[in-house]
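Reader: I should be grateful for a close look at a single part of this structure, namely one helix and its surroundings. Please set out the packing of that helix and then the residues around it.

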Amino acid sequence: AAASTRPSLSMWLLIASYFFAGIGFVVSATFLVAATERQPALAGTGFLVWIVVGLASIPATFAWDRIARRVGEVPAMIAACLLQGLSSLLPVMSGHLWAALGGAVLFGVTFIGIVSLMLTLVGRRNGANPSQAMARLTLSYGVAQIVAPAFVGTVAERTGSYDAGMWLAALAMFAGALVLAFYGRVERRASAAA
């Protein structure tokens, strides 16, 4: 019983991917409005960006569930991670309102979808004890949510800009997508060997 409670390589990959997703989520959720407000042409539009995030998140779980049924959970999560990474870069790469709103839409559509897909995947793959696997994932996501804002806040205070933080969020999401792709490969090899 003791050996079975140790995480497998596949589980470690999901934990790592979810850690990156936690960074991407918390940096965007914490600093998106402030980063928008800091841009001279967008001052006063931060509230609008946050409203768009909320509206875009409403259909997200249903939409990603349908996508996952068509393409599979792992490819759907990879797509969501890539889109969320792009959501962090749009406002940094352009100071126009369309970029801020586009980033808000992509962030709203993806962050809840990633959580929903990941917990569904882990629940199905760990039928004997899904709560233990989910607890591990939640711990990694939570640690990311503690560490990342402190780091980004410190960098923003020193540089006067949130750009580095938004780049960190994007890179974390791209890293999470890469880890998920590797996870998919590991799972396919395990299935072929079984």
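Author: The following account takes helix H5 and its helix partners, and then individual residues.

The model is predicted, so that local features need pLDDT of at least 70 and side-chain atom pairs count only at pLDDT 80 or more, whereas totals for chains, interfaces and linings use all residues. Residues are numbered from 1 along each chain as its sequence is written, and side-chain values use heavy atoms, with hydrogens and water left out.

Helices are DSSP runs of H or I with at least four residues, numbered from the N terminus. Helix H5 covers residues 97-125. The axes discussed below are lines fitted to C-alpha atoms over the stretch in contact, and their angles run from 0 to 180 degrees between N-to-C directions.

The partner treated first here is H1, which spans residues 9-38. The axes of H1 and H5 come within 11 Å and cross at roughly 155 degrees. That angle makes H1 roughly antiparallel to H5, a term for angles over 145 degrees. The crossing of H1 and H5 is left-handed, that is, the near helix is turned anticlockwise from the far one by less than a right angle, a clockwise turn being right-handed. Contact means heavy atoms within 4.5 Å. On the H1 side the residues in contact include Leu14, Gly24, Phe25, Leu32 and Thr36, and on the H5 side they include Ala100, Phe107, Phe111, Ile114 and Val122. The residues of this contact divide into 15 nonpolar, four polar and no charged. In this division Ala, Val, Leu, Ile, Met, Phe, Trp, Tyr, Cys and Pro count as nonpolar, Asp, Glu, Lys and Arg as charged, and the others, Gly among them, as polar.

Helix H2, residues 46-57, has an axis that comes within 7 Å of that of H5, with a crossing at roughly 35 degrees. The crossing of H2 and H5 is right-handed. From H2, Leu48, Val49, Trp50, Val52, Val53, Ala56 and Ser57 take part, and they meet residues of H5 that include Ala100, Ala104, Phe107, Gly108 and Phe111. This contact of H2 with H5 comprises 14 nonpolar residues, two polar and no charged.

Helix H4, residues 73-93, also has an axis within 7 Å of that of H5, and the two cross at roughly 155 degrees. H4 and H5 are therefore roughly antiparallel to each other. Their crossing is left-handed. In the contact of H4 with H5 there are 19 nonpolar, six polar and three charged residues.

Three residues, one from each of H5, H4 and H1, show these surroundings in detail. Glycine 108 lies in H5. At 0% relative accessibility glycine 108 counts as buried; buried means under 20% relative accessible area, exposed over 50% and partly exposed in between, with a 1.4 Å probe and protein chains only. Apart from residues up to four places away in sequence, glycine 108 touches Val53, Ala56, Ser57 and Ala60. Of these, Val53, Ala56 and Ser57 are among the H2 residues that meet H5. From glycine 108 to arginine 189 the C-alpha separation is 34 Å, for 81 residues along the sequence.

Glutamine 84 is found in H4 and is buried as well, at 1% relative accessibility. Beyond its neighbours within four places in sequence, glutamine 84 is in contact with Gly24, Phe25, Phe107, Thr110, Phe111, Ile114 and Met173. Gly24 and Phe25 belong to the H1 side of the contact between H1 and H5, while Phe107, Phe111 and Ile114 belong to its H5 side. The side chain of glutamine 84 also makes a polar contact with the side chain of threonine 110, at 3.4 Å. Such a contact is a pair of N or O atoms within 3.5 Å; within protein, one must be able to donate a hydrogen and the other to accept it, and residues adjacent in sequence count only if both atoms are side-chain atoms.

Threonine 36 has its place in H1. It is buried, with a relative accessible area of 1%. The side chain of threonine 36 reaches the backbone oxygen of leucine 32 at 2.8 Å. Residues up to four places away in sequence aside, threonine 36 touches Leu42, Ala43, Thr45, Gly46, Val49 and Ala100. Both Val49 of H2 and Ala100 of H5 also figure in the contact of H2 with H5.

Notes:
Parallel < 35°, antiparallel > 145°, perpendicular 65-115°, else oblique.
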